[in-house]
Amino acid sequence: MIKKLILIFFFLFIPLNVTKALALPVEVTADSVALINADTGDFIYGKNEDKVEIMASLTKLMTAYAVINNVNDLNTKVTITEADIANLAGFTCAGIKVGDRVSYTDLLYALILLSAADAAQSLAYHTSGSLNDFKNLMNDEAQKLGLTKSHFEDSYGGDDNNVSTAREMSVLLRKCLENSTFKKIFTTKNYTLSTGLEVKNYTPVFAQYHGLDPDLITGSKSGYTPEAGLLLASTSTIDGQNYILVTCKSALNEKLTTHVLDSYKVYQYIKDHHYENRVILKKGEELKKIKVDESTTSEYITYVDKDVSVFLNDEEASRVKVEPKIVEEINSEYKKGDILGYVDITLDGEVLKSYYVYLNDEIFPYEEPSKVVIVIIILFVFFIILLFTLNILMFRQRT
């Protein structure tokens, strides 16, 4: 029992579900960056990815998420009121007017493409009834997603207390993209509302201005305040692989386009290198033979129960190491499902992923024969000897 308690105490300090972002391999002006595999959620590269930053208009990603999760029919039309568009001077607005009849979908397009504050505030009122209730809804949704460093104060990002991290915003965007309506909106460049208002995503325009491929970024949501700097949450598909990239607090330039330039640098690096999911541990591969003490079996062999892959380029794949950290000995105190250890997949000392090893079978204890059993065995042996002796005597008498 003591041996098992020591091992359990040791494994309490293992960080479960480890997926660490490698240091960003390109120079960017952004203060923090997170690049993830959009399909698996694995983190690929980062720079201060867990640093809390002011989110400015990236806050609208949570606005969209809260609306989509809490409005039954996004095609429902609402009537714009004075409260919906009040107190938004100085913020980008789509130009919706009091009395306009627009759908939630219309407002979501204006929210994401143009980053319209009037659309954000209208969505807040018509989803929750009050700005405070919608703020609470946003934070409840963040809590459900496990965004522990995120906090939201309003629907449009005007308050500097709208904060999060590049990592958590990439998680949020990936979750948003699971919704087909959001994905369609996020990847649209131009849209006309039912009122005739046109909204446009300016990221492709900025890309073209700098001579960059406007189609490399497939969708984006930008943000900016003097305090937050320039931010961009974007997606890209390169060689069939989908990516999510969040850059926060890019330095300012004259055209306010550094968030786009930073994002293109990262995507271009990915494009210039051969990235793919590399199978590091193969299903069925033997990991370790563990000694079994005081049991009906003397050893237990651990195997990989599924392919374990990591997203790497050719050069990184050549430097990956596999480091098993599995117990040396177990006994019948271990139960099916108990953790036996883990295997770290590392690159230059950084843990990329940890695969956990569990006991998949019952371990039966070895039991000493009882005194009654011993007596029975002795009597049985004596009886066999006696029969053998009698047979010999009978044989001799016949001869």
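The following dialogue reads a predicted model of one protein chain, feature by feature.

Reader: Where should I begin with the overall form, and what radius of gyration does the protein chain have?

Author: A useful start is to set the chain beside a simple reference. A compact globule of 399 residues would have a radius of gyration near 21 Å, whereas the protein chain has 32 Å. Along the principal axes, its C-alpha atoms fill a box of roughly 125 × 50 × 35 Å. Within that box the protein chain has 11 helices and 20 strands.

Reader: How many of the residues count as buried, and how much area does the protein chain expose?

Author: Of the 399 residues, 47% count as buried. The protein chain exposes about 20,400 Å², and carbon and sulfur atoms supply 54% of that area. As for charge, there are 40 positive and 53 negative side chains, and the centres of these two sets lie 5 Å apart.

Reader: How do I read a sheet, and in which order do its strands stand?

Author: The general idea for a regular strand is that its side chains alternate between the two faces of the sheet. In this structure, 6 strands form an open sheet with mixed pairing, and their order is β1-β3-β2-β12-β11-β10. Strands β1 (22-23) and β10 (219-225) stand at the edges with a single partner strand each, so one side of each is left without a neighbour in the sheet. Further in, β11 (residues 229-238) and β12 (residues 241-250) run antiparallel and are joined by 8 bridges, and isoleucine 238 stands opposite glutamine 241 of β12.

Reader: Is leucine 232 in this sheet buried or exposed?

Author: Leucine 232 lies in strand β11, and it counts as buried because its relative accessibility is 0%, where the cut-off for buried is under 20%. Leaving out residues up to four places away in sequence, leucine 232 touches several others, among them Ile217, Leu245, Val246 and Val260.

Reader: Which residues does glutamate 286 contact, and how exposed is it?

Author: Glutamate 286 has its place in strand β14 (residues 286-293). Its relative accessible area is 41%, so it is partly exposed, a class that lies between the buried cut-off of 20% and the exposed cut-off of 50%. Apart from its neighbours within four places in sequence, glutamate 286 is in contact with Ile301, Thr302 and Tyr303. The C-alpha atoms of leucine 232 and glutamate 286 are separated by 44 Å, with their positions 54 residues apart along the chain. From glutamate 286 to alanine 124, which is 162 residues apart along the chain, the C-alpha separation is 55 Å.

Reader: How should I read a helix, and how many residues of α3 are buried?

Author: An α-helix has 3.6 residues a turn, so residues three or four places apart point the same way. Helix α3 (residues 104-113) is mostly covered, with 10 of its 10 residues buried; they include Tyr104, Asp106, Leu107 and Leu113. After α3 comes serine 115, whose phi is positive, near 60°.

Reader: What do β19 and β20 form, and which residue in the turn has a positive phi?

Author: The two strands form a hairpin with 2 residues between them, and aspartate 348 in the turn has a positive phi of about 55°. Strand β19 (residues 339-347) runs antiparallel to β20 (residues 350-358), with 8 bridges joining them, and isoleucine 339 stands opposite tyrosine 358 in β20.

Notes: Residues numbered from 1 in each chain as written. Predicted model: local features only at pLDDT ≥ 70, side-chain atom pairs only at ≥ 80, totals over all residues. Heavy atoms only, no water. Helix = DSSP H or I, 4+ residues; strand = E, 2+ residues; numbered from the N terminus. Rg over C-alpha atoms; globule rule 2.2 N^0.38 Å. Buried < 20%, exposed > 50% of the residue type's maximum accessible area, 1.4 Å probe, protein only. Areas by Shrake-Rupley, 256 points an atom, 1.4 Å probe, with all protein chains shown as cover. Lys, Arg positive; Asp, Glu negative; His and termini not counted. Charge placed at Lys NZ, Arg CZ, Asp CG, Glu CD. Pairing = 2+ DSSP bridges. Contact = heavy atoms within 4.5 Å.
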